[in-house]
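Hi,

Here is the model I promised to pass on. Have a look at it first, and my notes follow below.

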Amino acid sequence: MKHPGHNNGDVKPQIGNMSLTLKRIGHYLLKRKGKLLLTMVMVALSSLLALAGPFLTGKAIDDYIASGDERGLIGLLAGLALVYIGYSAVSFLQNYWMVEIAQKTVYELRDDLFRHFHKLPISFFDKRRHGELMSRVTNDIDNISSTLNSSIIQIASGLLTLAGSIAVMLYLSPLLTAVTLLIIPLMFYGMKWITSRTGPKFKEQQRHLGDLNGFIEEAISSRHIVKMFSREEEMIHEFMEKNERLREAGYMAQAYSGFIPKLMNVLNNTGFAVIALVGGILALNGQATVGTIVIFTEYARQFTRPLNDLANQYNTMLSAVAGAERVFDIMDTDEAVDRGEGKIPPLAGEVTFDNVSFSYDTDKKILSNVSFHASPGDMIALIGPTGSGKTTIMNLLARFYEPNEGRILFDGINSREISGNALRSQMGFVLQDTVLFEETVMENIRYGRLDATDEEVIEAARQANAHSFIERMPEGYQSMLRQDGSGISQGQRQLLAIARAILADPVLLILDEATSSIDTITELHIQEALGRLMKGRTSFVIAHRLNTIRRADQVIRLKNGCIEAIGSYEEVAAAQ
Amino acid sequence: MNHVWALLVPYRLRMAAAWGLMLLELAVELVLPILMAKMIDDGIVAGEVNSILFWGSIMIGLSLFSFAAGITNSFIAARIGQNYGFDIRKKLIEKVQSFSFGQYGHFDTSTLITRMTNDVTQLQNAVFMSLRIMLRAPLMIIFGTAMALFVHFKLALVLLVTVPFMTFFMLFMMRRGAGMFRRVQIKLDKVNSVMRENLTGIRLIRAFVRSRYETSRFERAGKALMEDTIGVIRTFESIVPILMLVMNGGLLFILWLGFMEMQNGTATTGEIVAVINYAARIIISLSIFTFITLAFARGKASAVRINEVLAVDQEQLPAVTESYPAEGDLFLENVTFTYPGGKTPVLHSLSMRVERGSIAAILGETGSGKSALLSLIPRLYEPSEGRVAIGGRDVSQMDVRQLRRQIGFVPQESHLFTGSIIDNIRWGKKDATDEEVVEAAQKAQIHDTVLSLPDGYNTVIGQKGVTLSGGQKQRLSIARALVRQPDILLLDDSTSALDVKTEAALINAITSQNCTVLIVTQKVSTAEQADCIFMIEDGQIAASGTHRELARKNSLYRRLLESQGRGGGIHEASGS
């Protein structure tokens, strides 16, 4: 149970777990030691000044107002004025710096989480709902954010004020102090009872919120299907189940959190009454003055207020920890192993599959003992029925996945010795699912090579036969595309993806059903450009269309993850 | 705002109860100093032990009473808060599900997600806070002032100056803050959107080695969010120091005035202590104002955003009570159509007729309007001119749900859901028996593939079916449409990844279904099996007829044939 992430909802908060999480957050905070130190100095000052205020007020009543000492009172009031001004200035400054520290921490945390996403293997994303992962970047981190803004100052000033109040109270009257301190054990047990309920509920709440987020994302991105199949009611129904779970977890978390100020209030008020009672009796016996009682009730409040704050902050922290654990959960997920050489000289384009076997899950082999060799400049066509392993070969070439057995060699070097990024930076891709970004057409094509000029982008679009339809769009190359790709057709999206690959100008080209949604006449037009593009490069092509396959130097026919036939088009056709 | 606040109306009684309880609690707190003054004057000064004990125990009893009230309030408030959030999310999902295709364009997916989770949480928090503590502080100030005035009118007059000033100041800040928070939420949308793009495009990003570029994009979004957050929180953090300064100034004045009054014999020590006590309580309750104004401003900003979604008018569809079977010939008459937000029409007075039970193939260039044509039949969009009719009845006069229930639709991009294969197929018809599911899978030529998977029909596939091959995904979504046993089947280029043999078997199986089929395709081999082929060019029917007729008389069709490497009726390479 030491590792975060395994909570069943009714598990009691794990102290070791929590302190580990807090330590990790602390590590981020400590990156800004200087400002943090300054803030802490301000907190100390403001706590001191906060204590000085009522002390001087009490003095004013006891020593000057009651006795009618005008000059003394003026002096004291002047001092008090300074204290108040200082207090406001200092408490402004502490917050001013703290917000910066907190938000920079949140920024870094979010950034690290994002960076980690990019180090995770592709398989990590295969079975997770996007919206659930998004919730960690927004909702969970937002939870941490709001806590950090205020909690650290409140905790620090709470502790200081507490220590100060106890010291002054002891000085004023040890007996009354003892009465006041009776609150602490009561509070301790009360808090323990409350937080053992809120802690797990906070975690549940964040989990359900993530779940809901995941559902919403999926529901919205598949809205056309939902509409088509008239499934709105069912979607709403499923949503409501998740909504209900979130409501229940949220209710318990909030109701019990609401206990804390009430608990502190009753302790506070009772304390006030007890002090007044005991103080009154003491005063009767001449053991205390009226002024002492007034000051004391004031301090008792000063004393319970930080206790109240600390109790609330502890609870808020539990809620932040619930968010943070979900963030760290991801960060603790193992990165994809991508050691290998980070920088490699330009490849010639020789590719060898040497007895490669692969399975996504351990059970079913997608590829078994696949071997072939591509010389630099070869065009390899992969054919075979759906599910025979064509795309898997592409995935392995791109090192999205690693083979379970066998080796893939690039220019005779084992792919494991080259980093995936170094390898992919020499490859160009047109993937099966066309991805466009919420950017202009221009930027979407430029994604292939970030330093390409506008002219180069347009040239690539021309070659991909995309220029004419882009020109017809309302704002040409500056037209914004939507993420869901509405506004342009599937075939046009593929043309953009091809333009992107043309612009990338790679050594190795991978085209996975690159033209499947493009009509064959348009395809003929881009064939020429593709032909030019493939010249002198090794290319791997998955296609169903004859005229694409015919031009291949080698055709590999796959069936059930095995090579059924390999050779020239005529040879493979004859092998049937 | 009306939509959002209207949802609070059902809770008005419970809200009143929560406020009532809060008032009780507050009343106790306010009465305590009076009782204390009484105890000092009657008990201590007069030397009456019984009086001290009497007042003391009343004070303790009252604080226990207020505790009970507080706890009850906490439960009620949590219930209302969570129910309110639940209701808003319910309204939002219902609204979003009712959006027409055009209306989805108003909101980006990621902003809808933020609004449905994060914004609801903010608003819910504001409501919960207002029921639990928010009103406490303002009421504390009002009652504190009133009580102080009651104790000693002249001394407390100062409060009448400072309190209104503070009120205006806070209202001003809240108004400003709401605007700032709206900007913060927009920045959060951006973070969400970049994150989402990275999740959906993870393969492409890895393929083009753009992790670093994406990270810098994310960092820009994160930094903008951080800067805006720091700005808004700093603004709010400045509120309390300013208020403190004003109130503390008032306190000094009270001390001075108290001294004068005492000199004149118009005030007692007890009175001065009581007024100071009230002033001190007011000051303490000030510290929560950062929190309150912040939560309110934030809640207000989120309420506006939620309201924007709820305020979208439901598109008025003519009320239809009768339902007609979607049987008979499918007929499009002079249909002109422009996508919402688009400038040029994609279909120009297009007319076509498809006989009941026949298979029609639609061919045309990329972007010629094929998908648009299909989307008009189930009324995903309404034509700008002309009409679509089934069996002589205008579809615009049919109940949308009824109509769609009789249509099976397979979109270009096969969109599957997180869940098992059987769930995904049954998605097409929720009460389909296992036999019906298997039958649909068999017809879609996916049954054998499913059986070969480790868990068969219970195999879980990830979002968008990432662990399946392109062809498998297409066939699954065909099965999903077939399980509905539709009268009309629309295939939007959804057989592109299938080999010829599988496709032929599929079309054969569909023929036995006895439904009208519209199939958009790029492949002549598919079109060949159709009863009638429609050639679309620039949104108009350029030609129609059987394969033989078109091959003889239509030049575009001939060019298509040639582009697919066939003069006559030879088969394609892949597959058989």
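**The sheet in chain B**

Keep in mind that this is a predicted model. What caught my eye is an open sheet in chain B, built from six strands in the order β6-β9-β10-β3-β11-β12, with mixed pairing. At its edges sit β6 (407–410) and β12 (540–545) of chain B, each of which pairs on one side only. On average, neighbouring strands here are turned by 15° against each other, if you ignore direction.

Go to the β6 edge next. In chain B, β6 and β9 (residues 488–492) run parallel and are joined by four bridges. If you want a spot to zoom in on, take B:V410, whose bridge partner in β9(B) is B:L491. Helix α18 (residues 470–482) of chain B packs on the sheet there, touching β6 and β9 of chain B. The direction of α18 makes about 170° with that of β6(B).

Zooming out, the domain assignment splits chain B into domain 1 (2–310) and domain 2 (330–563). The C-alpha centres of these two domains of chain B lie 56 Å apart.

Then there's the contact between the chains: 145 residues of chain A and 147 residues of chain B take part. Which helix gives the most to the side of chain A that touches chain B? That's α9 (residues 232–284) of chain A, with 29 residues. By type, the chain A side of the contact has 71 nonpolar, 45 polar and 29 charged residues.

Shout if you'd like to go through any of it together.

Cheers

Terms used
Residues numbered from 1 in each chain as written. Chains lettered and ligands numbered in written order. Predicted model: local features only at pLDDT ≥ 70, side-chain atom pairs only at ≥ 80, totals over all residues. Contact = placed C-beta atoms within 7 Å. Helix = DSSP H or I, 4+ residues; strand = E, 2+ residues; numbered from the N terminus. Nonpolar A, V, L, I, M, F, W, Y, C, P; charged D, E, K, R; others polar. Domains from an automatic or database assignment. Pairing = 2+ DSSP bridges. Axes fitted to C-alpha atoms, helices over the stretch in contact; angles between N-to-C directions.
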